Amino acid sequence: MESSLVKENPLLLPLNQEKTIYDGFITVQVTHVCLCASLQLHCCWQLKHLLRGYECIVKQVTKKYCTVCCILPCCMEVALKSHPECRSMPPPQYYSQLISEMEALGWDKLLFIDTEFRTLRLKADDSSGRQHVLTVQLKSKHPAEPPECSADLPIPLAITWTPQSTLEQLHSQFLLVLESLADFWAVLDEIDRETWILEPEKPSRADTMRRIAIGNNVSIKVEVDPRHPKMLPECCLLGAEHVVTPLRSKLNANMHSWNPDSSVLHNLRDVLEIEFPSPATHEKSSFSVECGICYSYRLEAAIPDQVCNDPRCGQPFHQACLYEWLRALPSSRQSFSIVFGECPYCSKPITVKMAAQKS
Ligand SMILES: [Zn+2]
Ligand SMILES: [Zn+2]
């Protein structure tokens with residue numbers, strides 16, 4: 001390159017005495033610059049990364065063309081065409097469209113946007129003040145092509161999208177979905193606030209199941225229907241037989257008095273004729289009794305839910321721990337998926353089902 005160019009363009013600096021190697025920025029308007037045959041291309045690491053594996057094509061291009069401004073667009077074309085993540089790069093109007101849509105929605109709703117401007121996380125507060133996040137994956141043909149949306153919901157998120165739709169309309173649709181689930185979350189929030197939840201460890205807004213502590217090694221697993229949150233949920237009592245059997249009888253006997261106008265927690269109290277231990281009255285540690293075999297409470301996601309039925313023992317075990325323990329004993333016997341053996345603590349008969357195989 002002629003040295004005059006370097007003077008005119010302070011962003012391009014020679015790196016060697018022969019002035020065959022340059023680094024810096026090149027403006028496309030500069031034309032008719034002759035390059036030596038030993039031209040080397042120095043560029044930013046991003047462009048280098050793009051051109052990796054295409055060095056021979058770049059060399060051919062540099063032989064064919066004699067000016068910087070011919071080479072660069074060619075290199076860019078090679079690089080962009082060959083890189084899968086760049087192939088679907090949206091046209092310029094994609095970005096102007098996105099900005100005007102975000103302006104209409106309000107920038108305060110934007111929690112996150114990735115460096116490609118393709119994935120957005122939008123904030124949405126429901127009328128009870130719960131905070132939700134809508135993740136939007138825009139297609140390069142946005143808004144002609146509908147975006148992919150996801151959120152922490154107990155139901156599939158169905159969004160109506162037309163080529164005229166905007167992010168603001170999408171956000172309003174999401175708010176309506178949130179309102180339709182207000183009763184569901186109110187039911188679960190009350191349970192989470194006033195009882196000790198053994199499972200899930202950290203409930204998400206999508207979780208419909210709660211395992212509520214009733215007493216030492218006794219709990220009830222409820223599955224709340226997001227569409228009918230105030231109806232009698234699916235219930236499963238867990239614990240030693242001598243404690244669970246009377247509770248089960250009460251549940252069956254009082255089921256008919258379930259009142260859909262009242263909350264699920266109040267109904268459960270009335271139907272089971274119990275008071276649930278609450279964070280106000282009890283420590284959680286009194287319900288999270290560790291497994292009698294591995295001495296821990298959580299084993300991956302599992303909690304010790306196999307309880308010795310002898311009323312004087314009542315020792316809880318993880319299903320997997322008890323199964324492995326009993327299977328290793330010569331005195332145990334197995335029939336189909338059930339192992340019959342003795343409680344490691346009190347030697348009274350105990351049974352365990354084979355732990356479900358992890359998929
Ligand atoms: Zn265990
Ligand atoms: Zn026992």
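1. A quick definition before the tour: a residue counts as exposed when its relative accessible area is over 50%, as buried when that value is under 20%, and as partly exposed in between. Take E300, whose relative accessible area is 62%, so it goes down as exposed. Keep in mind throughout that this is a predicted model.

2. While we're at E300, have a look at its backbone. Phi there is positive, about 55°, although the residue is not a glycine. You'll find E300 in the loop between α10 (264-272) and β11.

3. F117 is another residue other than glycine with a positive phi, this one near 60°. Its loop is the one between β3 (110-113) and β4 (119-125). The relative accessible area of F117 is 39%, which makes it partly exposed.

4. Now for the metals, starting with the zinc ion (ligand 1). Which residues are its protein donors? They are C291, C294 and C321, each through SG, and H318 through ND1, at 2.1 to 2.4 Å from the ion. Along the chain these donor residues follow the spacing C-x2-C-x23-H-x2-C. The angles among the four donor atoms run from 97 to 119°, and the site is tetrahedral. Both H318 and C321 are buried.

5. The zinc ion (ligand 2) has four cysteines as its protein donors: C308, C313, C343 and C346 each offer SG, lying 2.3 Å from the metal. Their spacing in sequence reads C-x4-C-x29-C-x2-C. Why call this arrangement tetrahedral? Because the four donor atoms subtend angles of 104 to 113° around the ion. For reference, the ideal angle for four tetrahedral donors is 109.5 degrees.

6. Stay with ligand 2 for a moment and trace where two of its donors sit. C313 is in the loop between β11 (306-307) and β12 (316-317), while C343 is in the loop between β14 (338-342) and β15 (349-353), so this pair ties together parts that are 30 residues apart in sequence. Are the two buried or partly exposed? C313 has 24% relative accessibility and therefore counts as partly exposed, whereas C343, at 2%, counts as buried.

7. On to empty space. The structure has two cavities of 30 Å³ or more, and the largest has a volume of about 110 Å³. It is lined by 17 residues, of which L198, R211, N217, F287 and P304 are the closest to its centre. Two elements, β8 (209-215) and β9 (218-223), give two or more residues to that lining, with β8 supplying the largest share, three residues.

8. What is that lining like by class? Eleven of the residues are nonpolar, four are polar and two are charged. As for where the largest cavity is, domain 3 (183-285) and domain 4 (294-353) both contribute lining residues, so the cavity lies between them.

9. Two cis peptide bonds deserve a look. One joins H142 and P143, with omega about 0°, and P143 is in the loop between β5 (131-137) and β6. Another runs from E199 to P200, with omega near -10°. P200 belongs to the loop between β7 (197-199) and β8.

10. Finally, find P156 in the loop between β6 (148-151) and α7 (167-180). With a relative accessible area of 72%, P156 is exposed. Its C-alpha atom is separated by 9.9 Å from that of A206, a residue 50 positions apart from P156 along the chain.

Conventions. Residues numbered from 1 in each chain as written. Chains lettered and ligands numbered in written order. Predicted model: local features only at pLDDT ≥ 70, side-chain atom pairs only at ≥ 80, totals over all residues. Heavy atoms only, no water. Donors = N, O, S within 2.8 Å, 3.2 Å for Na, K, Ca; no water. Tetrahedral: all angles 85-135°; square planar, octahedral: opposite > 155°, others 65-115°. Helix = DSSP H or I, 4+ residues; strand = E, 2+ residues; numbered from the N terminus. Buried < 20%, exposed > 50% of the residue type's maximum accessible area, 1.4 Å probe, protein only. 1 Å grid on protein atoms, 1.4 Å probe; cavity = no way out; pocket = protein on both sides within 12 Å on 5 of 7 lines; lining within 4 Å. Points joined across faces, edges and corners; volume = space filled by probe spheres on them. Nonpolar A, V, L, I, M, F, W, Y, C, P; charged D, E, K, R; others polar. Domains from an automatic or database assignment.
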